[in-house]
Amino acid sequence: MKSNLLNNFFATIGRKTLKGLWEIDQYTRLVGQTLYWMAAAPLKGHKIRFRSTIIQMVRFGVDSIPIVATIAFFIGIILGMQAAYQLKPFGASIYMADLVGVSVTRELGPMLTAIVLAGRSGSAIAAELGTMKVSEEIDALRTMGLNPIPYLAVPRVLSMMIMLPSLTLIADFVGILGGLFVGIFSEHIDFWLYFNETTRALVLKDFLTGLIKSGVFALLVATIGCYQGFSVSGGAEGVGKRTTTSVVTSIFMIIAANVLFTGLFYSTL
Amino acid sequence: MDKKPIIEIKELHTYYGRAHVLKGINLTIYENETIAILGRSGCGKSTLLRHMIGLNQPGSGEILIKGKNIPKLNEDKKTEVLKRIGMLFQNGALFNSMSIADNVALPLREHTDLEESTISIMTRMKLDLVGLGGFEGFNPAQLSGGMRKRAGLARAIAMDPEILFCDEPSAGLDPIVAAGIDQLLLKLKQAFKMTMVVVTHEMASVFLIADRIAMMNEGQILAVGTRAEIENNPHSFIQQFLHREPDKDKVDRETFLQNLTSEISG
């Protein structure tokens, strides 16, 4: 009895490990194929579907501007208030501009934008492709001799890789405005003083590190959404499960990648 | 006159996990014939069809379409073969984000260099042929089940395929609409002289449209022949299927529970 329980325990761990490794293998293959069709295949004469890419850019990017900007503004306000609270006793309120500017451009702007897009667009990718899988639309594409990777995945990944960094720049700008709002109306700092302090504190490197991160986050969000969508089985319930997994995995991977990048950038840049 | 094989399946085996789904299928399909693959639900007929159109990879065996072994072809060569076949899915599998006309035009846009005006004319012709003239701008969600199948059929024949595969063409339709789909398949067969492979368990459809019938059970082909040959086949399952008799050895509730208990304990 005891040995049976032990056997079952190790068998379950073994099965789950194998399944996890298999999923990682399949995901890596999808990323490899997507990058091939995005970067190498066009050099061999295969065209990228620009019309479809632009449609996805509007869905992922333009339509996300209000929510991304609103959240970034609130984050700027929160950061500003926290910074002012800590700095005011030292008579150094003005340095809240430095803190807000650097935090938003290097960390919070890219990460929060990516998390918003993981919830809003990554889930939409998984649900849309999953529904297409369940209703045999992806099989129909294959039988027409059309590869779903260049047809469905590439426009989504490409548009995400263009729009997420663009939205990050908007989030950076609006986040700094949130801090400025607190600086002017709560701490009574002069607009130009705050502006000059921000421009003094920020260097191009801050924006670049944020943009590099957001490019990687975009690749993660879009490819995880595509992978989960293509992996759907079992009807509507399967679509729901994979959509949830897509959001949870994306957010986890964004934060994990951010830890990695922050460590890397602080030790090298 | 010698019949020329267009699809040859040799010793096809497939496994889903530990389940042996297709157990050594051998089948030859000839040019311009309509063959119906008939069998009960879950016997492997749709799996066999998915192998023929290259959607599933077999465990072992060969699937030759015009002499080309589909599972072994690379992406580009497979695409060339797929351009010459059409597939009608059980629920039409139309792209919901596109209009009916765009659905039908898709293979033409992707695989030909035709002018948009020519594609538009060809699309209208195909939709007229399946009785959907005037529905070009409709979305799939706005159509009934039968109309979606007709639209799926129009898309399947958009490239004038040599082989048309149909998965349960009349499933889920009322008898009148189902009869309409059967008539449409007959019309296409006569008009285009294409080879048709129809997977179904609808006897009436089979007897109307098929030249030959392949009878499947539990992953194996039991018999292949004309309607008369199948009807005269003495195999007990074939006779049971043709005469719509329920399973004789179906276990009652008590025996089922007893079997289950002994399975769990032992």
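From the N terminus on, the elements of chain A in this predicted model run α-α-α-α-α-α-α-α-α. Chain A thus has nine helices and zero strands. Its C-alpha atoms fill a box of roughly 65 × 60 × 35 Å along the principal axes. Of the 269 residues of chain A, 42% count as buried. Where contacts in chain A join residues at least 6 apart in sequence, 87% of them link residues at least 24 apart.

Helix 6 of chain A covers residues 148–185 and has 38 residues. The distance from its first C-alpha to its last is 53 Å, close to the 56 Å expected at 1.5 Å a residue. Helix 6 of chain A carries a kink of about 35° at A:Val154, and the proline A:Pro155 follows shortly after.

Helix 4 of chain A (residues 96–134) packs with helix 6 of chain A, their axes coming within 7 Å and crossing at roughly 145°. The crossing of these two helices is right-handed. In their contact, 17 residues are nonpolar, nine are polar and two are charged.

Helix 3 of chain A (residues 65–87) agrees with the span expected at 1.5 Å a residue, because its 23 residues should reach 33 Å and its end C-alpha atoms are 32 Å apart. The buried residues of helix 3 of chain A are A:Val68, A:Ala72, A:Ile75, A:Gly76, A:Ile77, A:Leu79, A:Gly80, A:Ala83 and A:Ala84. These buried residues pack against helix 4 and helix 6 of chain A. In general, an α-helix has 3.6 residues a turn, so residues three or four places apart point the same way.

The contact between the two chains takes 11 residues from chain A and 15 residues from chain B. On the side of chain A that touches chain B, three residues are nonpolar, four are polar and four are charged.

Two residues of chain B were examined for their backbone geometry. Most residues other than glycine have a negative phi. B:Asn32, which is not a glycine, has a positive phi near 65°. B:Asn32 lies in the loop between strand 2 (19–30) and strand 3 (34–39) of chain B. With 15 other C-beta atoms within 10 Å, B:Asn32 is partly exposed. B:Glu218 likewise has a positive phi, of about 45°, although it is not a glycine. The loop that holds B:Glu218 runs between strand 9 (212–217) and strand 10 (220–225) of chain B. B:Glu218 counts as partly exposed because it has 15 C-beta neighbours inside 10 Å, whereas a buried residue would need 20 or more.

Notes
Residues are numbered from 1 along each chain as its sequence is written. Chains are lettered from A and ligands numbered from 1 in the order in which they are written. This is a predicted model: local features need pLDDT of at least 70, side-chain atom pairs count only at pLDDT 80 or more; totals for chains, interfaces and linings use all residues. Two residues are in contact if their C-beta atoms, placed from the backbone, lie within 7 Å. Ala, Val, Leu, Ile, Met, Phe, Trp, Tyr, Cys and Pro count as nonpolar, Asp, Glu, Lys and Arg as charged, and the others, Gly among them, as polar. Helices (H or I, at least four residues) and strands (E, at least two) are DSSP runs, numbered from the N terminus. The expected span of a helix is 1.5 Å times one less than its number of residues. The bend at a residue is the angle between axes fitted to the seven residues ending there and the seven starting there. Axes are lines fitted to C-alpha atoms, for helices over the stretch in contact, and angles run from 0 to 180 degrees between N-to-C directions. A crossing is left-handed if the near helix is turned anticlockwise from the far one by less than a right angle, and right-handed if clockwise. A residue is buried if 20 or more other C-beta atoms lie within 10 Å of its own, exposed if 12 or fewer, and partly exposed in between; C-beta atoms are placed from the backbone.
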